Each structure stands twice: as C-alpha cells, then as structure tokens.
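Biologist: Could you take me through this structure, beginning with how you classify residues?

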Amino acid sequence: MPHSLPSSPKSTPKNGGNGITKFTNCRILKDNSLVEEDLWVNSITGKIIRSQAAFYDDFVLPNQVINLGGRILSPGFIECQLNGAFGFNFSTLLEPAVYAKKVREVNRQLVRTGVTSYLPTITSQRSDIYKRALPHLGPSGYRQVAEDGAESVGAHVEGPFLSPTKNGVHNVDVLREADTFEDLEDCYGPTNISSEDSYEPSPIKMVTAAPELGRMTELIPEVTARGIIFSVGHSEATYEEASKAVAAGATMITHLFNAMRPLHHRNPGIFGVLGMAESLPRPYFGIIADGEHLHPTTIKIAFNAHPDGFILVTDAMHMVGLPDGAYQWTNGDCTNHIVKKGPKLILEGSDRIAGSSITLIECVTNFLRWSGATIPQALRAVTSTPAAMLGMQGVKGCLDDGADADLVVLSEGLGQDEAELVIDEVWKFGTKVFSR
Amino acid sequence: MRLIIRDESEAASSYVANYIIDRIQHFNPTPTHPFVLGLPTGSSPLGVYKVLVEKYKAGLISFENVVTFNMDEYVGIPRDHSESYHSFMWKNFFSHVNVNPNNVHILNGNAPNLEAECVEYEAKIKRAGGIDLFLGGIGEDGHIAFNEPGSSLASRTRVKTLAYDTILANSRFFENDIEKVPKMALTVGVQTVLESREVVVIILGARKASALQRCIEQGVNHMWTLSSLQLHPHPMIVCDEDATLELQVKTVKYFKSIELVARQQGFEQILPSSIRTGPPIPKTVVDEVSDEVQSPTILAPQPMTSRLLRATPATEYPVRSVSPDLVPDRMADRVGVPDLARRLTPQPEQQQQRLASVGA
C-alpha cells in the first residue's frame with residue numbers, strides 16, 4: 001500500500017537517525033488499565049513498533065529516549081462530532097482554496113487539544129454546501145505528515161434527514177426525507193457518499209439521520225455497505241423503531257438523550273436499545289459531558305448501561321477557543337447568531353443550546369469528576385471506543401504494535417481538589433507536534 | 001567456593017547485582033575489549049535484573065560494551081511468544097538498559113538445524129574470548145541451565161529433551177495445557193558453564209534448599225549438575241537464609257565467618273587480578289580430542305581422565321620462577337691469570353716441554 005510509505009520529505013528524521021523514539025518511565029493505556037511499560041514509535045513509518053522484534057531482528061536502538069517521569073501516555077484522542085473550531089465553521093460556503101486553507105489551519109490548532117483524529121461535522125444544510133465542503137473533509141491521514149496536525153478520518157454529516165420536531169438548532173427549512181438512496185446521493189453528491197475506487201474511501205464516514213422518516217430504515221444497509229457508519233439522532237423514533245434501525249445496521253447514537261424522546265418507562269425510546277432485551281448488538285453512543293447538555297447523573301446512567309459503547313464527544317462549534325460574544329452562524333439558508341458565554345452556547349433569541357464550546361480533554365475531566373470512573377475508563381471513551389465504532393481498531397485509539405503513533409502525554413493535576421487531566425504533549429505519527 | 005548468605009532474598013539479589021557491576025567497572029570494557037556476561041532466565045535472577053536496571057537508570061553502570069550470552073531457549077515456540085526466553089530477557093532486562101543488540105546472543109530455538117545452531121553458539125562464545133562471568137540460577141533438582149539430572153558433566157551446548165516434571169511445572173505458563181508446553185530446549189552444557197572464568201549462582205527460597213545442600217556438602221554428582229561447580233576455580237553461590245535450611249549449622253557458620261574475616265581484612269575474597277581486569281585474556285585451553293567432541297551429541301564415551309579435571313587453566317595462577325638449568329663451564333674461565341686459558345692441562349711443566357719439543 002503506498003499509503004504506508006513515507007510520502008513527504010518532512011517525515012525523514014533530521015540528523016540522519018533511525019527515527020525511533022522510546023518512551024520510558026510512563027504509564028501507558030492498555031485495555032482497562034494503566035501499565036508501566038515502554039513504548040517505541042518510529043517517525044519514519046509513523047507507527048508504534050514492536051520493540052522486541054526491532055531489537056532482535058533489526059538490531060536497532062532508539063534514537064531518542066524520553067523519560068516521562070511517571071506521566072500517562074495515552075493514544076491520541078478521537079473526536080466524533082466537531083462542527084468547527086478556532087473561528088472556522090465546517091458548514092460554510094467558501095472558495096475551495098480558501099476552505100482548504102481554513103481546514104488546514106483548524107487541523108494544526110486542533111491537534112494542540114489532544115485530538116489527533118476527528119470527524120469534521122456538517123450540520124443540516126442545503127445541498128450545495130455539502131457538495132462544496134465534503135471533498136475537503138475526507139480522510140487526510142494517508143499523507144502521514146505530522147506537521148499537518150489532526151487528521152480527518154472522514155466527515156460526519158449530521159442531517160439534513162432529521163426529524164423537524166427534534167431539530168435542536170438545525171434550520172427546519174432545510175430538513176428532508178429520503179425514500180431512495182438516490183435522495184442521499186442527490187443531497188450529499190454521489191461521489192461524496194460512494195467512492196469510485198475501492199482504495200480511496202468516500203469523504204463521508206458517518207451519517208446522522210432519523211430512521212423513522214421516509215424509508216430511511218430500509219436504506220441503512222445501503223449506507224453501511226459503503227463503509228459509512230449510520231448513527232441514529234435528531235429523531236422521534238420509538239423503542240421499536242430504534243431497534244429496527246439497529247437491526248438494519250445502525251451502530252451509533254448521536255448525542256444520546258439530546259434531540260430525542262426522553263426515556264419513558266412504557267416506551268424507553270432510543271435509549272432503550274442500550275438495554276439487553278433484544279438479541280441485538282448494542283450500539284455505541286455519543287455523550288456531551290459539558291455540564292449543559294446533560295445532568296452528570298444522566299451521564300453516569302448511560303455509562304453504566306453500556307460502558308463499552310460510551311463515547312465522549314464535544315459537539316463543539318467554531319467558537320471553541322474564541323472569547324465570549326455573539327458570533328455569526330450560517331444555518332441552512334439563513335444566518336443566525338450564537339451567543340457564547342463561557343462554555344455555554346445559546347441560539348440568539350431563544351433558550352436552545354447551540355452545541356458546545358468545550359474541548360475533549362475538558363469532557364474527559366468532567367466525566368472523571370462526575371462518574372467516579374477510573375482514568376483508563378475515561379480515556380477509553382475518547383480513544384479505543386470511538387476507534388472501535390469507526391472500525392479502526394488496531395490503527396487508531398490504541399497503543400498496540402503497528403497502530404499509528406498518535407500519542408498524548410497527560411499529567412494528573414488536582415484542580416480545585418478534584419481530579420484533572422492536563423495535556424502536556426501531543427505526538428502525531430511519531431513526531432512531537434505540541435508541548436505545553 | 002565462595003558462599004555468600006544474606007537474610008533476605010532482596011539483599012542476596014542486590015549483592016549479586018552489585019558484584020556484577022563491580023566486576024564490569026573493574027574490567028573497564030571497551031568496544032575491542034568487551035566484558036562477556038552469561039545470563040540466565042527464571043524467577044531467581046529476576047531480582048538481580050531489577051537491581052541492574054535500577055543502577056543503569058541511576059547512571060551507575062553502562063552495558064554499552066557488554067556482550068551477553070544466554071543459557072537456554074525453548075525449541076519450537078515463536079521467538080516473540082510471551083513465555084520465550086527472548087521475551088523474558090527483553091521484558092526484564094534488554095528493553096531497560098543500553099545493551100547493544102549486536103552484542104546479544106540467545107540460542108535460536110527455531111533454527112532449521114538445531115545441532116548446527118548449538119555448534120555455532122559454542123564457536124561464538126569462543127570468538128568472544130570466552131565468558132568472563134556466568135550468572136546462573138538453579139532448579140529444585142539442582143539443574144543449571146537446562147542440564148537436568150543425569151546430564152553429562154562434560155556436556156556442551158546441545159538440544160535437550162525436558163523432563164516430564166519440568167513440562168508439567170511449565171504448563172502453568174502455557175494456559176495449563178501440556179500440549180502447548182515446549183518439549184525440547186537448547187541449552188549450554190555443564191562444561192560450557194565451567195569454562196567461563198567465573199560462575200555466580202543465585203539460589204533463593206526453601207524449595208532450593210535441598211539442591212544447595214547437595215552442591216555444597218556433597219560430592220560432584222551428575223544428578224545435581226550444579227555440584228559440578230566444585231570443579232571450577234572461581235565459583236560463587238549467593239543465597240538467602242531460606243535456601244540454607246538443609247545445610248548444617250556448621251557449614252553456614254563457616255562460610256559466614258569466612259566472609260566476615262575477609263571483610264575485616266579489607267579483602268573480599270577477590271579474584272586474581274588477571275581475571276578481574278581481563279587483559280591479557282588467558283587462553284582457555286580446550287583439548288579437541290576429535291571432531292565428534294565438538295558435536296553436541298556425544299557419540300563415544302569420554303575417556304576416564306575427564307576433561308573436567310583438566311579444565312582449570314593453570315596459567316591463571318602466579319607461577320614461581322624456576323632455578324635456571326645447570327650449564328657447566330670450565331673453572332679455568334673464572335680465574336683471572338693471563339694465558340691460563342690456553343693451558344690444556346693442569347700441569348704446565350709437562351705442557352711447556354711438549355710445546356718446546358714441537359717447536360724444535
């Protein structure tokens with residue numbers, strides 16, 4: 001595969017070494033625990049290497065040894081729902097060159113927050129925005145250039161096949177229903193949803209839709225057959241409808257509890273599919289742990305219902321990383337304003353939450369404080385669990401031999417007498433790209 | 001035989017580790033003159049490796065110019081299997097220190113020709129100049145490396161079938177499935193160990209007490225292969241209190257008192273300096289009887305005058321200078337009378353008469 005070869009002169013090590021770095025005196029995330037073990041990465045291949053084989057077969061010793069002083073070494077974080085960041089909203093109509101430049105800027109900034117892979121998310125929009133923006137948001141990791149920062153693993157299209165009564169802040173006027181797969185192709189652009197050759201994946205990696213609308217449930221197998229994750233969200237689906245969607249191949253729930261029917265004891269709604277009543281596989285689910293979208297106890301309940309499916313997402317808007325104030329927001333065919341006040345985002349003139357402006361590491365810290373979960377459990381929710389959801393086990397979100405060397409060095413701080421995780425360093429493809 | 005006894009196993013382990021570090025530092029190894037270290041696997045040496053790693057991380061020792069040879073390896077399990085001795089060494093030692101991978105030698109249990117692998121291993125040891133210090137551990141039956149009871153004391157590196165008891169004991173590392181336990185291993189021979197310039201064995205715990213007793217208080221016996229150390233010029237056994245349970249109180253007291261006296265004299269039972277510092281490396285004299293002897297299988301019985309008894313290289317002891325041989329000379333040369341040397345007989349008158357008659 002040409003993708004695994006070094007493709008850029010940037011990835012050849014300076015000073016002519018072998019590009020191998022050894023992390024020592026660190027606690028690395030392995031399954032459900034932090035184990036004291038060394039980790040070897042190769043910046044030429046961008047992978048975590050099997051140190052024993054490198055030693056006995058290739059007779060190599062690491063070029064540099066990094067003593068982390070007992071800190072935590074975690075796989076890089078994976079963000080499944082990010083609408084924009086650092087002033088750029090992915091749902092924007094711009095000249096292709098300008099758009100591409102903005103995306104690159106976001107990638108470089110985003111990696112500093114510990115997010116090394118993410119799904120750039122487009123909210124419900126008119127078709128032309130999808131057609132213009134999606135080609136820029138497809139998987140970008142094959143280039144393996146550490147300096148590019150965070151990589152896209154494919155776009156997440158949240159809409160527009162959503163329930164008008166569970167629209168959240170999405171513009172009701174652009175919401176649609178689909179009866180055939182052509183409707184999806186018509187909306188997103190055929191090349192964005194079906195890739196032309198099997199070696200190059202399509203830009204879209206995940207679709208959030210309401211399964212009860214139109215014939216969406218019957219279209220789920222067609223979506224998943226293209227390697228795209230179908231996520232249930234912004235939906236009025238009952239427990240039965242949600243179960244049918246899961247049976248048809250839906251493997252994810254977009255921001256559980258938000259923009260869906262609440263849990264009712266006679267019909268548990270979408271949340272019900274996390275139960276074990278049916279002989280169905282339980283889907284993964286996204287949780288926004290910003291203190292606004294969900295009550296801490298609700299998060300605990302969701303975690304305990306299905307710990308292995310628990311994924312922390314931010315649903316952050318482009319205001320993340322910007323000062324407080326009112327910000328313009330393109331929403332379908334009209335322009336609204338979102339008022340940012342601290343981490344809170346409210347649609348101007350309403351009391352509706354308009355996404356968040358929290359970073360993923362803050363979500364992890366919140367979750368740690370609220371749930372009493374262990375650090376490995378909290379880190380899994382942004383590493384191995386999203387990787388498994390995306391079908392990228394062994395490549396992302398883990399520290400196994402052969403996985404991409406995307407790493408985060410974390411300090412355990414004690415902010416206000418409570419547990420806190422702080423990002424000290426970020427490594428992408430075996431090269432350090434951020435240091436606090 | 002030096003026997004060092006410590007109250008706790010940790011103290012015994014760190015004694016061995018510090019001893020090795022001392023030896024290496026004294027040796028002052030260089031790339032052209034490396035220190036050659038023989039290494040074991042198993043539970044006994046774990047503590048030693050731990051201390052060695054700690055000392056390395058504290059910057060007190062470097063393994064840059066240390067060449068290592070491991071004792072043994074299973075046959076037929078993948079090299080990177082979690083129970084292979086390659087993995088053991090990687091996990092517990094090599095991954096933490098700066099040993100050069102080119103200097104590491106472990107028998108390859110997956111070699112296409114196992115016999116050739118063993119012959120080559122012996123040759124590699126020889127090329128490295130022999131082993132300066134062989135660290136060992138023992139089994140409950142007193143085996144050193146995989147030289148189980150009944151192994152020839154003249155054995156060299158070879159393929160060895162494991163005893164059923166050993167296979168059974170090892171099954172705990174292989175999901176309790178006897179089928180998965182390797183049935184064979186490659187191991188250095190007793191003779192290979194004895195030929196190293198120094199042997200240090202660590203023995204911990206009450207389960208090894210019986211083996212220690214056989215080795216210290218009884219004779220050389222192939223059923224307790226460790227007892228062959230009695231034939232080595234510089235063996236040292238380090239054990240904890242538990243391992244001495246089967247020894248006589250007298251024996252324990254004797255060895256403790258020796259250590260005490262030696263320490264009081266500021267003389268810690270040290271080795272001859274030629275061994276401690278290396279150069280000039282004493283040539284290990286190996287009598288090559290025939291080609292068959294080099295082969296790991298012993299085809300013919302060894303001669304009664306076992307090479308064991310001749311294994312000791314005599315050159316390492318200070319040899320007293322011998323009085324020079326008698327070279328007879330003439331007494332006449334020592335007397336300072338001129339022309340005396342020309343006299344042929346002790347009676348000059350007769351001689352002069354003879355000279356005169358000749359001249360006439």
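Modeller: Buried means under 20% relative accessible area, exposed means over 50%, and partly exposed lies in between (1.4 Å probe, protein chains only). By that rule B:Glu241 is partly exposed, with a relative accessible area of 28%. This is a predicted model, in which local features need pLDDT of at least 70 and side-chain atom pairs count only at pLDDT 80 or more, while totals for chains, interfaces and linings use all residues. Residues are numbered from 1 along each chain as its sequence is written, chains are lettered from A and ligands numbered from 1 in the order in which they are written, and side-chain values use heavy atoms, with hydrogens and water left out.

Biologist: What does B:Glu241 pair with in a salt bridge?

Modeller: Its partner is B:Lys256, at 3.6 Å from N to O; a salt bridge is a side-chain nitrogen of Lys or Arg within 4 Å of a carboxyl oxygen of Asp or Glu. B:Glu241 lies in the loop between β10 (235-240) and α8 of chain B, and B:Lys256 lies in helix α8, so the bridge ties together parts 15 residues apart in sequence. Helices (H or I, at least four residues) and strands (E, at least two) are DSSP runs, numbered from the N terminus. B:Lys256 counts as partly exposed, at 34% relative accessibility.

Biologist: And B:Arg6, which residue does its side chain meet in a salt bridge?

Modeller: B:Arg6 meets B:Glu259 at 2.8 Å, N to O. B:Arg6 is in strand β1 (residues 2-6) of chain B and B:Glu259 is in helix α8 (residues 249-264), so this pair connects parts that are 253 residues apart in sequence. Both B:Arg6 and B:Glu259 are buried.

Biologist: How many salt bridges does the structure hold over all chains?

Modeller: There are 35 over all chains. One of them joins A:Asp406 and A:Lys396, with the closest N and O atoms 2.8 Å apart. Both A:Asp406 and A:Lys396 are buried. Salt bridges that share partners also join A:Lys47, A:Glu151, A:Lys396, A:Asp404, A:Asp406 and A:Lys428 into one network.

Biologist: Changing topic, how many residues of each chain are in contact between chain A and chain B?

Modeller: In chain A 14 residues are in contact with 16 residues of chain B, where contact means heavy atoms within 4.5 Å. The area buried between the two chains is about 1200 Å², and carbon and sulfur atoms give 55% of that. Buried area is the accessible area (1.4 Å probe) that two parts lose on being put together, summed over both.

Biologist: Which residues of chain A lose the most area to chain B?

Modeller: They are A:Gln52, A:Phe55 and A:Tyr56, together 51% of what that side buries.

Biologist: How many salt bridges cross that interface?

Modeller: The rule finds one salt bridge there, between the side chains of A:Asp57 and B:Arg79 at 2.5 Å, N to O. On the side of chain A that touches chain B, β1 (20-24) and α1 (51-58) each supply at least two residues. The most comes from α1(A), with six residues.

Biologist: Last topic: how many disulfides are there over all chains?

Modeller: There are zero over all chains, a disulfide being a pair of cysteine sulfur atoms within 2.5 Å. For A:Cys26, the nearest cysteine sulfur is that of A:Cys398, 15 Å away.

Biologist: Why is A:Cys398 in no bond with its closest cysteine sulfur?

Modeller: Because that sulfur, in A:Cys80, is 15 Å from the sulfur of A:Cys398, too far for a bond. A:Cys398 is buried, with a relative accessible area of 13%, and A:Cys26 counts as buried at 3%.
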